[in-house]
Amino acid sequence: MENTNAHSLMDQPQVDFLPLLGTDHVEFYVGNAKQAAYYYQVAFGFELIAYAGPETGLKDQCSYVLKQDKIRFVLTSGLQPDSPISQHVLKHGDGVKVLALWVEDAAKAYEETTKRGGVSFMEPQKMTDEHGEIVVSAIHTYGETIHKFVERKNYKGAFLPGFKAAKSPMEIKPVGLKYVDHCVGNVGWGEMNKWVEFYEKVMGFNLLITFDDQDISTEYTALMSKVVSNGNGYVKFPINEPAEGKKRSQIEEYLDFYHDAGVQHIAIATDDIIETVSELRRRGIDFLYVPDNYYDDLLDRVGDIKEDLELLKEQNILVDRDEEGYLLQIFTKPVQDRPTVFYEIIQRRGAKSFGKGNFKALFEAIEREQELRGTL
Ligand code: FE2
């Protein structure tokens with residue numbers, strides 16, 4: 001890979017002090033969880049599996065837990081203006097509060113990370129109900145975002161103690177979303193390296209790839225990005241910061257509307273991106289638009305691919321190749337009024353990278369949206 005520093009695992013310490021089994025869930029703080037839950041069920045094909053709120057003994061919040069294959073999303077709203085959840089939404093708009101990681105031992109995860117400088121959000125807490133026991137702990141990461149460590153090996157309930165099992169009130173048709181591939185954070189000017197160091201030192205992650213502002217720039221805007229990954233590669237966090245350009249980069253726009261560092265996009269894997277994306281379009285999901293001439297020399301750039309080029313063009317899906325294979329990807333427009341959080345749908349055919357060959361076309365697509373919003 002040109003301009004890319006790939007670090008082999010051989011260079012890294014052998015003992016993983018924070019073994020992760022994967023992403024446990026992503027929790028969003030939103031203005032109206034009831035309606036957001038409807039959107040994720042109807043548009044994205046998630047099943048409602050659990051609920052907590054006044055009916056289950058919670059005085060000041062409501063949470064809906066949604067699931068599709070291995071992905072769990074939690075949508076939470078506060079019920080009073082002084083609730084920390086409502087305050088979070090007031091400042092940031094709808095956004096990701098919790099990136100929860102699935103661990104064997106939540107007390108040990110807490111101890112290992114806090115002794116390396118992780119800032120405590122919640123000490124290990126044991127919660128029980130008739131379905132067993134869960135241990136949860138949490139530390140702070142960038143902005144007001146937190147990492148929860150969830151230990152659920154002794155639990156058989158729908159989600160966590162305090163939640164009751166729930167079912168979607170209508171028939172849900174999944175769209176083929178399988179698991180969280182990576183979650184990207186946007187941080188402030190000059191802060192990328194500080195957060196990469198946090199993931200390396202506090203969480204034992206490895207630096208996987210570096211993209212400088214030469215890799216990620218158009219005529220007008222630029223950003224920088226580094227990708228960190230945990231030991232087994234199940235959890236990958238790219239971290240972006242803005243870079244100087246002639247105009248305002250998408251990262252600055254995000255920071256202006258989120259008013260802090262925070263999660264920019266969540267990439268979700270599918271095994272059939274053409275089917276997934278065409279179904280999402282039928283259900284009203286908006287995607288970024290890349291002009292048709294992107295496809296003129298696509299096969300020259302990426303070589304043989306299994307998919308029909310015409311179908312990819314019809315769905316506006318992007319393709320990129322690295323030394324291990326290729327990947328197909330597409331990005332939604334922001335999923336709330338503020339130009340903050342959006343989704344990537346990704347299908348990997350061997351490639352383990354992030355679509356560097358598409359950055360320019362994508363950022364030009366985002367610039368066109370910024371232009372419309374008057375924020376370029
Ligand atoms: Fe991504």
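Q: What makes a residue such as Cys62 count as buried in this predicted model?
A: Buried means under 20% relative accessible area, and Cys62 has 12% relative accessibility, so Cys62 counts as buried.

Q: Why is Cys183 called buried?
A: The relative accessibility of Cys183 is 3%, which is under the 20% cut-off, and therefore Cys183 counts as buried.

Q: How many disulfides does the structure hold, and what would make a pair of cysteines count as one?
A: A pair of cysteine sulfur atoms would have to lie within 2.5 Å, and the structure holds zero disulfides.

Q: What makes His182, His265 and Glu344 donors of the iron ion?
A: A donor atom must be N, O or S within 2.8 Å of this metal, and His182 (NE2), His265 (NE2) and Glu344 (OE) lie 2.0 to 2.2 Å from the iron ion, so these atoms meet the criterion.

Q: Why does the pair His265 and Glu344 tie together parts that are apart in sequence?
A: His265 belongs to strand S14 (residues 262–270), whereas Glu344 belongs to strand S17 (residues 342–349), so the parts tied together by the pair are 79 residues apart in sequence.

Q: Are His265 and Glu344 buried or exposed?
A: His265 has 8% relative accessibility and therefore counts as buried, and Glu344, with a relative accessible area of 2%, is buried.

Q: How do you know where the largest nonpolar core lies with respect to domain 1 and domain 2?
A: This core has 95 residues, and Phe28, Met203 and Ile266 are those with the most contacts inside it. Domain 1 (4–165) and domain 2 (177–373) both contribute residues, so the core lies between them.

Key
Residues are numbered from 1 along each chain as its sequence is written. This is a predicted model: local features need pLDDT of at least 70, side-chain atom pairs count only at pLDDT 80 or more; totals for chains, interfaces and linings use all residues. Side-chain values use heavy atoms; hydrogens and water are left out. Buried means under 20% relative accessible area, exposed over 50%, partly exposed in between (1.4 Å probe, protein chains only). A nonpolar core is a set of buried Ala, Val, Leu, Ile, Met, Phe, Trp, Tyr and Cys residues joined through side-chain atoms within 4.5 Å. Domain bounds come from an automatic or database domain assignment. Donors are N, O and S atoms within 2.8 Å of the metal (3.2 Å for Na, K and Ca); water is not among the atoms, so sites may look incomplete. Helices (H or I, at least four residues) and strands (E, at least two) are DSSP runs, numbered from the N terminus.
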